[in-house]
Amino acid sequence: MKKPLFVTQPYLPPLEEFIPYLEKIWDSKVLTNGGPMHQQLEQALCDYLGVEHLALFANGTIALVTALQALRITGEVITTPYSFVATAHSLLWNGVKPVFVDVDPNTLNMDPARIEAAITPHTTAIMPVHCYGHPCDVEAIQKIAETYNLKVIYDAAHAFGVQDERGSVLNHGDLSVLSFHATKVFNTFEGGAIICPDARTKKRIDHLKNFGFVDEVTVVAPGINGKMCEFNAALGLLQLQHIDKALGCRKVIDAFYREQLAGVQGIHCLNDAGERVANYAYFPILVQADYPLSRDELFQKLKDGNIHTRRYFYPLISDFPMYRGMPSAQRGNLSVAASAAAMVLCLPIYPALQPLEQQRVIDIIQGT
Ligand code: T4K
């Protein structure tokens, strides 16, 4: 049996490089609650990403839930069905109703042209996703938000290090939320962050992630425990030293897939980064009707070759039982997203993927 290949594999720096970080934690006995590693990582990420304020979290989902709390979002929020389920779940955890709109066929990000029709007197915010790390049409979204006085919270779980012509894509909207889960380009095993534009909002977020405590005797909000501990923060500090190398490896893999799959009839590679600063977090292809196999047949064929791809994002969020009864979840409203969910396959892409391993994937898709 050939070596298994996965859709992703976490990048792990040499273990011996982590030991000095552990020794510091052991010496200080500060394990959590905003210790030195936590503070250093917040600053280091602001510097690396080019953002003003960043609050670390235990994971991306709690960060999303807290971001909605921080802006006191209520009523209805317009979002995309083409994402990981945590996007919409964060709304339900806040008692907010998700209103799904369809995606753009080229980027699979929320289609701004569909947003206005979904706005009602109860709409308070828009929650788009930079899907696969490809930036949303942030200008069009901002224009609508300003016209209708709506907040914008970007689920930027996939968008670590991504830049558009104005710098970090994380600076758009009112807040952006990152995930540092093991499967992400930058990981702290589990982790996440909220990026916010001003110190006041950051303070509120910091209170919310620490039960609402301001000091020993003052609680200002019904906060939660969303704190990142020192162990995860230390992992982040170490990962940051290797991130450029890791992103560089991903870029090479992305380019080789594009070159090799360009001529394969019925295979469409999404989101060529071109000259933009991308992070190559995923390599999604669409298996179209003129490919000899269906998407699921190709998925199975790869699996038979011990290559474990993922159908991100199938099923659509709007097809899960807690959402499918909603009027906006109806298939007729989401035909582009439904069609993409039926065709998409994310191929293995991660720094340790070797050229011969990548060739195994390509050979199966080329049918050779
Ligand atoms: N918003 C968006 C748009 C998101 O994509 C996500 C998470 C979130 C919000 C929430 O952020 P977090 O709360 O997770 O920080 C994975 C991840 O669990 C999830 O974080 C991620 N999105 C989603 C897109 O993918 P699964 O169920 O596909 O992951 P899993 O465990 O099957 O892993 C995929 C492959 O990765 C495995 O086949 C092997 C490899 N792997 C995975 C893990 C966990 C490893 O080699 N080592 C590992 O430790 O959901």
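Across which strands does helix 10 lie? In this predicted model, helix 10 (residues 335–343) lies across strand 14 and strand 16. The sections below describe that region and then turn to two further sites.

## The open sheet

Strand 14 and strand 16 belong to an open sheet of 3 strands, arranged in the order 13-14-16 with antiparallel pairing. Its edges are formed by strand 13 (267–269) and strand 16 (344–347), each of which pairs on one side only. From one strand to the next, the twist averages 35°.

The pairing between strand 13 and strand 14 (residues 283–287) is antiparallel and extends over 3 bridges. Within this pairing, Cys269 has Ile285 of strand 14 as its bridge partner.

## Helices packed on the sheet

Helix 9 (residues 295–304) packs on the sheet and touches strand 13, strand 14 and strand 16. The direction of helix 9 makes about 25° with that of strand 16. Helix 10, for its part, runs at about 50° to strand 16.

Which residues of helix 10 are buried? They are Ala337, Ala338, Ala340, Ala341 and Met343. These buried residues pack against strand 14, helix 9 and strand 16. A general property of helices is useful when viewing such a pattern: an α-helix has 3.6 residues a turn, so residues three or four places apart point the same way.

## Leu240 in helix 8

Leu240 is found in helix 8, which covers residues 230–261. Is Leu240 buried or exposed? Leu240 counts as buried because its relative accessibility is 14%, and the term applies to values under 20%.

Apart from neighbours within four places in sequence, Leu240 is in contact with Leu41, Ala44, Leu45, Tyr48, Phe160 and Phe186. Leu240 and Asn187 are 53 residues apart in sequence, while their C-alpha atoms are 9.3 Å apart in space.

## A nonpolar patch at the surface

Leu12, Phe189 and Phe231 make a nonpolar surface patch of about 280 Å². One of these residues, Phe189, is located in the loop between strand 9 (175–179) and strand 10 (192–196).

Phe189 has a relative accessible area of 40% and is therefore partly exposed, since this class lies between the limits of 20% for buried and 50% for exposed residues. Phe189 is thus partly exposed, whereas Leu240 is buried.

Notes: Residues numbered from 1 in each chain as written. Predicted model: local features only at pLDDT ≥ 70, side-chain atom pairs only at ≥ 80, totals over all residues. Heavy atoms only, no water. Patch = residues over 30% accessible without salt bridge, like charges linked within 9 Å, V, L, I, M, F, W, Y side chains within 5 Å. Areas by Shrake-Rupley, 256 points an atom, 1.4 Å probe, with all protein chains shown as cover. Salt bridge = Lys/Arg side-chain N within 4 Å of Asp/Glu carboxyl O. Helix = DSSP H or I, 4+ residues; strand = E, 2+ residues; numbered from the N terminus. Buried < 20%, exposed > 50% of the residue type's maximum accessible area, 1.4 Å probe, protein only. Contact = heavy atoms within 4.5 Å. Pairing = 2+ DSSP bridges. Axes fitted to C-alpha atoms, helices over the stretch in contact; angles between N-to-C directions.
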